[in-house]
Every structure is written in structure tokens, then in C-alpha cells.
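This report describes selected internal features of one protein model. It takes up a cavity lining, then aromatic contacts, then the fold as a whole.

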Amino acid sequence: MLAAALLVCLGAMQYQAIDIKKDCEVTVDVWDVRGSYATQGTALCFLSRAQELTPKPPEGYSAEAVDAILAPFAEDPLTGTDGTVAESPSPDTTGNQNSTAPTTGDAAPEQPEALPYDGPNVIAIMNETFSDLSEYPGLEGTNAAPTFFHEVANDSLAAGDVYVSAMGGGTCNSEFEFLTGASMGNMGGGVYPYVLYDLEGVDNLASYFRSLGYGTHAIHPAEAANWRRDRIYEQLGFDAFDDITTMEDADTFRDLVTDRTTYERVLEKIDEGEGPQFVFDVTIQNHGGYDTGLVPAADAVHLESDEVENPEVDEFLAAIRRSDEDLRWLVDELNARNEPTIVVFFGDHQPGFADWLFEETFGKPVEDAGLEEVQARYRTPYFIWANAAARGKYEESLTRIEDADVTSLNYLSTLLLDATGLPRDARALYRSALRQALPAVNLNGYRDAEGTWHWFGEAVETDAQQKAEDALKSYAIVQYDQLFGNDRG
């Protein structure tokens, strides 16, 4: 009856005049779509999802507004170019960075094939549930910290905490923010772009490296269809995708393919490719749950703390320790090689028991948490690191970024380009400038330049907050154009 009444109302008003998801309290579980349709009604769920497929432009959006926002960033001050490669293996000014990416609609004019850019290999590792639990109150200085990770971070071009928009799951949204530079803060909760949208032609890190002549590869040792990666990776511009079917008899830990196995595959991709390679490795070893009982006795870890006693935490820490050991293997291997290589490493989200851990260590229910406390469950560690060969060859181009100890996942690809001296286009330069007024933003809220966290829609009280609010508005316009603009940016 409610669905029928809604359809009648829709006949009398514009379809987009109401927010079906909010006004009708519709929630479609992406893991159980059929169940959602059965319990909440086919019409409501269908119309709610249809609205999500056609998001509304933000206030002030127009092609002219986007041009005005990006105009000051037309040229990269580091290279004197717009960040593209033309007839030589050095940057030149030949047009949009997305010139070789797929497009939608009418056929695009043929573009000259990109020649290999004389740059380093780039390995991006999104490590499943990699988190530093020693950042929780009472756990400082315990064996919860991944010790080798911090050794690398202390010797990196940029390192610190990166705020994500997922917790306990939703890995695909962390991928989306990292690869595109878009923020889920501009899209709202319950939205999964990998599931909802056609991302072909969308400006992103894979299409960027492809435009420089890099080989582009994705690795994830699980089913290719999970989160529609089999389609999305092709749309984003990856040349190849190695899923679980390519890893028969792979080494496992807790019945999940180990990090080291994926790192070995990363190095194979670099060795097999001609010219520099970009490899995006989405690991799975540390995936929940943490009550499997499959940790070998020799690998067992017990949290040395009077604050927390929990077998799931212990199993999680055993997985993190194995990840730390595998990271040591990769770093040693890369330093022994002559190929200049950059590694950006980050966790996609914290484990599913983060709510319980918060209440145990903060001493309050999660619903009573202020925003800064909420964000404690949405931060993971990251670093951007150069191997010995890269430091030797590109010493003048590499830059230590000192103000990146607190950032968010939408900025990580921009920090990668800033730190390594790789050519940047107008959107990357814009996001680099945006970070000064809006240092971190995720699904929960944003942080201003004075280090204060704010909920979205919060009353403006300071100049720093006003600058951040203004930055948010321009960011929403640029992001909408990138994802949904007619010409794909």
C-alpha cells in the first residue's frame, strides 16, 4: 500500500523532489538485495536505488563553475606542464591527462599513443584491515603496534594517519576514494560507487598512469566479481586483473592468501612489463572474522595489556604481525633491486570489533562519542616510501611532506604525486591546494586547518571552519563533474 501511495504521489510531483531513502527510511543491503526488496517493497527499493544512480548536482554546479575553480591550477609548478606526456619521455603540454582513458557517449577523437614516461614503478598496497590498535587509549606502547611498519614510516616521504570512510567492511569505498581522489563525504552513507555507477572514463590513478605509458595492473586474491571489480577495474583503466583464479596453491594464513604471495605477484608484474609499471594490490590476509582458531601456535600473539583481554583481538594481531613480516620481506627485496620503485601502503579500514574496542578503551558507548572520538575508529596508518634505487635516481624530485601526518584517503593519490615529483594535472593540483583548507574529510565529517573536527552541517564559528566549508562546496562541484559531468572532466 505504501509503495502504491508513493507512486501516486510521484505522479503529482517531480521525481527528485523527495529523498526516498531518507523520507521513507529505505535501506537496501548490498549484501542481501533480495532480502531488502522482500521486506521493504520492490517499488520503494527500486526507486530509492534509481535516485542514487542519478545523484543531484550540488548547489552552484555548472561547467563554467568547474572551469573557474580549476583555472588557477592549469600548470604544474614542479614541471611547468599540465601533467601529460606527448612525443618524448618527459612531460609536455599536450592536453587532458585522461586523453587515453575510455569515454562514454559519442566516439572520442583518436589520441596519440602515450609514450613511456621515465618514472619509477609505483606499487599501491591497500592492506586488508591493517590498523594500529596501539593508538587506542591504554594500549599505547603495547605489542599491538606493527613495529616494522613504523620503521618504514619513519623513513618515508609521507606517513601518518589516513582517515577512511569505512569501518569493519566496505573495502570498495576505500578503493574508490584512493583511486579517484573523490570523498564519500560528498556522497553520503549507504552509497557504494563500485556497485551503483558506471565509472568508465572517470579520472583516476589507473587512467593517469596509463596516460603516462605505464602498464597498469590490479591484484586481489578473491572472487573477481566481488564489488564488481571485474567490471570496475576495466572501466578505471587497468590493463589486467589477477584474481583468486590466478593463484592456485597459493600460500595461506588463516585460510586466506598471504600478503607475501600478493607481493611476489606484484614483483612478477614489474619484471614482466616493459617500462614503468603501476600495480594496485588489494590484499586479503587480515580479513575478518577473527574467531577462526586457525592461527598456528608458532604465530600466536597475545595482547600484553591489562585494558583488553579478547581472543579475537589476539587473532587479529597475529594476522597483523604476519603482515608486518611480509612487509619487511617486500622492503628488503625492493631495496636489493635496481629498479626505482615507490610504495604507497595503507589500511582500508579497522576491524569489525572496533565498536567494542572503542567502548572498552574509551569507557563510553559509541553513540555518546563526539566526532573526534568517532574518527578514532576510522583511521588507519599509511606511508609513501621510495626504495634505494628511486632515492638514487630521483633524489632531486623526491620531497618529504611534513604536514601529512593527518590526512584522508581522498588525498593519498595527490600526496603520492606531490612527494615523488610525478607530473600533476589541474585536478591533482586543485586537491593539493584543497588540503590546506580542508586537511581531512570522510563520511563522518571534516577537519579544518586548525585541527578541529566538525560534523557536516555544523554551525560555522571560526575563520578556519568557514574556509573549510567554502572548500567543501567547491570540492563537491569538482567531484560531481569528475564523476557525472557530461564530458567526464
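In this predicted model, the second largest cavity is lined by Ser131, Asp132, Glu135, Asp161, Gln350, Arg379, Thr380 and Pro381. The space in this second largest cavity is about 40 Å³, and the count of cavities of 30 Å³ or more comes to two. Strand E11, residues 379-386, gives the most to the lining, with three residues. Sorted by class, the lining comprises four charged, three polar and one nonpolar residue.

**Aromatic pairs**

A pair of aromatic rings is described by the distance of the centres and the angle of the planes. The count of aromatic pairs in the model comes to 27. Two of them are set out below.

| Pair | Centre to centre | Angle between planes | Class |
|---|---|---|---|
| Phe178 and Phe346 | 4.9 Å | 45° | tilted |
| Phe345 and Phe383 | 5.3 Å | 10° | stacked |

The pair of Phe178 and Phe346 links distant parts of the chain: Phe178 belongs to helix H7 (residues 171-180) and Phe346 to strand E10 (residues 341-347), with these positions 168 residues apart in sequence. Are these two rings buried or exposed? Phe178 counts as buried because its relative accessibility is 0%. Phe346, with a relative accessible area of 0%, is likewise buried.

The stacked pair of Phe345 and Phe383 has a planar angle of 10°. Phe345 lies in strand E10 and Phe383 in strand E11, so this pair ties together parts that are 38 residues apart in sequence. Both Phe345 and Phe383 are buried.

Phe178 and Phe346 also belong to one aromatic cluster, together with Tyr208, Phe209, Tyr214, Tyr233, Phe238, Phe241, Phe278 and Phe280.

**A charge over a ring**

Which residue lies over the face of Phe358? Arg377 takes this position, at 5.7 Å from the ring centre.

**The protein as a whole**

The secondary structure comes to 18 helices and 15 strands. Among these elements are helix H7, which holds Phe178, and strand E11, which holds Phe383 and contributes to the cavity lining. The protein has 489 residues, of which 55% count as buried; Phe345 and Phe383 are among the buried residues. Among contacts between residues at least 6 apart in sequence, 73% join residues at least 24 apart.

Technical notes
Residues are numbered from 1 along each chain as its sequence is written. This is a predicted model: local features need pLDDT of at least 70, side-chain atom pairs count only at pLDDT 80 or more; totals for chains, interfaces and linings use all residues. Side-chain values use heavy atoms; hydrogens and water are left out. On a 1 Å grid over the protein atoms alone, a cavity is a set of points where a 1.4 Å probe fits but cannot get out, and a pocket is an open set with protein on both sides within 12 Å along at least five of seven lines; lining residues have an atom within 4 Å of a point. Grid points are joined across faces, edges and corners, and a volume is the space filled by probe spheres set on the points. Helices (H or I, at least four residues) and strands (E, at least two) are DSSP runs, numbered from the N terminus. Ala, Val, Leu, Ile, Met, Phe, Trp, Tyr, Cys and Pro count as nonpolar, Asp, Glu, Lys and Arg as charged, and the others, Gly among them, as polar. Rings of Phe, Tyr and Trp (its six-membered ring) pair if their centres lie within 6.5 Å; planes under 30 degrees apart count as stacked, over 60 as edge-to-face and the rest as tilted. Buried means under 20% relative accessible area, exposed over 50%, partly exposed in between (1.4 Å probe, protein chains only). A charge sits over a ring if NZ of Lys or CZ of Arg is within 6 Å of the ring centre and within 35 degrees of the ring normal. Contact means heavy atoms within 4.5 Å.
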